[in-house]
Amino acid sequence: MNRLFILLYGTAFFFLSTQSGWSQDYRTGIGLRAGGPNGLTIKHFTKPKVAVEGIISSRWRGLGFTGLIEGHARAFDVKRLNFIYGAGAHVYFWGESKRGYSPYGRSSVVGIDGILGLEYNFREIPINISIDWKPTFNLNVDDGFWGDDGALSIRYIF
């Protein structure tokens, strides 16, 4: 578990110390995430090209919480289109597993996440749309890699 915290703090330090210049057209966005697990997303920029994102999602009738630190860089030299890259951690909780809802027969899993994607900020309306892939590795189970978490997110930005 200490290695997880060292990895997260090291990633955060790297992003926060190397970024400059505002990459985004907004400070905060709140919206829906539709994909592997569906849920709610909130993203807030702490530095010009660095954001933190929180995701509350549902998977296999369980509830998950994910926190990510994301870097943003202009994609293909197109205004308002950005690459997203970053890392974070998650925890998922399930109720009783009598009916087989939990994939591992246990009530919770914790793990680390990566994220890669593209994000576009519309100029005419306060809407942001992103598509991403968020692979995860669960630390407290055998064979805990989830590579199926891809999603489309739509956020109201302000």
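Read along the sequence, the protein chain follows the pattern α-β-β-β-β-β-β-β-β-β-β, which amounts to 1 helix and 10 strands. The model shown here is predicted, and every value below was computed from it. The briefing begins with the chain as a whole, then turns to its cavity, and then takes up four residues, namely Asp113, Asp132, Arg74 and Arg80.

**The chain as a whole**

- The protein chain has 158 residues, and 43% of them count as buried.
- Among the contacts in the protein chain with a separation of 6 or more, 53% are made by residues that stand 24 or more positions apart.
- The protein chain exposes about 8,700 Å², and carbon and sulfur atoms supply 63% of that area.

**The cavity**

- The structure holds 1 cavity of 30 Å³ or more, and about 40 Å³ of space lies in the largest cavity.
- The residues that line the largest cavity are Pro37, Arg59, Thr66, His90, Tyr92, Asp113, Lys134, Thr136, Trp146 and Asp149.
- Sorted by class, this lining is made up of 3 nonpolar, 3 polar and 4 charged residues.

**Asp113, a residue of the cavity lining**

- Asp113, which is one of the residues lining the largest cavity, lies in strand S6, a strand that covers residues 108-121.
- Is Asp113 buried or exposed? Its relative accessible area is 5%, and because a residue under 20% counts as buried, Asp113 is buried.
- The side chain of Asp113 makes a polar contact of 2.9 Å with the side chain of Lys134, and Lys134 is also listed in the lining of the largest cavity.
- Once neighbours within four places in sequence are left aside, Asp113 is in contact with Thr66, Leu68, Gly86, Ala87, Gly88, Ala89, His90, Lys134, Pro135 and Thr136; the lining of the largest cavity also includes Thr66, His90 and Thr136.

**Asp132 and its partner Arg33**

- Asp132 is found in strand S7, which covers residues 127-133, and it is buried, with a relative accessible area of 7%.
- Which residue does the side chain of Asp132 join through a polar contact of 2.8 Å? The partner is Arg33, and the contact runs from side chain to side chain.
- Not counting residues up to four places away in sequence, Asp132 touches Arg33, Ile115, Leu116, Gly117, Asp149, Gly150, Ala151 and Ser153; of these, Asp149 is one of the residues that line the largest cavity.

**Arg74 and Arg80, two partly exposed residues**

- Arg74 has its place in strand S4, which covers residues 62-74, whereas Arg80 lies in the loop between S4 and strand S5, the latter covering 81-93.
- Arg74 has a relative accessible area of 48% and is partly exposed, and Arg80, at 22% relative accessibility, also counts as partly exposed.
- How far apart in space are Arg74 and Leu118, C-alpha to C-alpha? The distance is 9.5 Å, although 44 residues separate the two in sequence.
- Arg80 and Tyr120 are 40 residues apart in sequence, and their C-alpha atoms are 5.5 Å apart in space.
- Leaving aside neighbours within four places in sequence, Arg74 is in contact with Lys79, Leu81, Asn82 and Phe83.
- With neighbours within four places in sequence again left aside, Arg80 is in contact with Asp25, Glu119, Tyr120, Asn121, Phe122 and Arg123.

Conventions
Residues numbered from 1 in each chain as written. Predicted model: local features only at pLDDT ≥ 70, side-chain atom pairs only at ≥ 80, totals over all residues. Heavy atoms only, no water. Buried < 20%, exposed > 50% of the residue type's maximum accessible area, 1.4 Å probe, protein only. Polar contact = N/O pair within 3.5 Å; in protein donor to acceptor, adjacent residues only side chain to side chain. Contact = heavy atoms within 4.5 Å. 1 Å grid on protein atoms, 1.4 Å probe; cavity = no way out; pocket = protein on both sides within 12 Å on 5 of 7 lines; lining within 4 Å. Points joined across faces, edges and corners; volume = space filled by probe spheres on them. Nonpolar A, V, L, I, M, F, W, Y, C, P; charged D, E, K, R; others polar. Areas by Shrake-Rupley, 256 points an atom, 1.4 Å probe, with all protein chains shown as cover.
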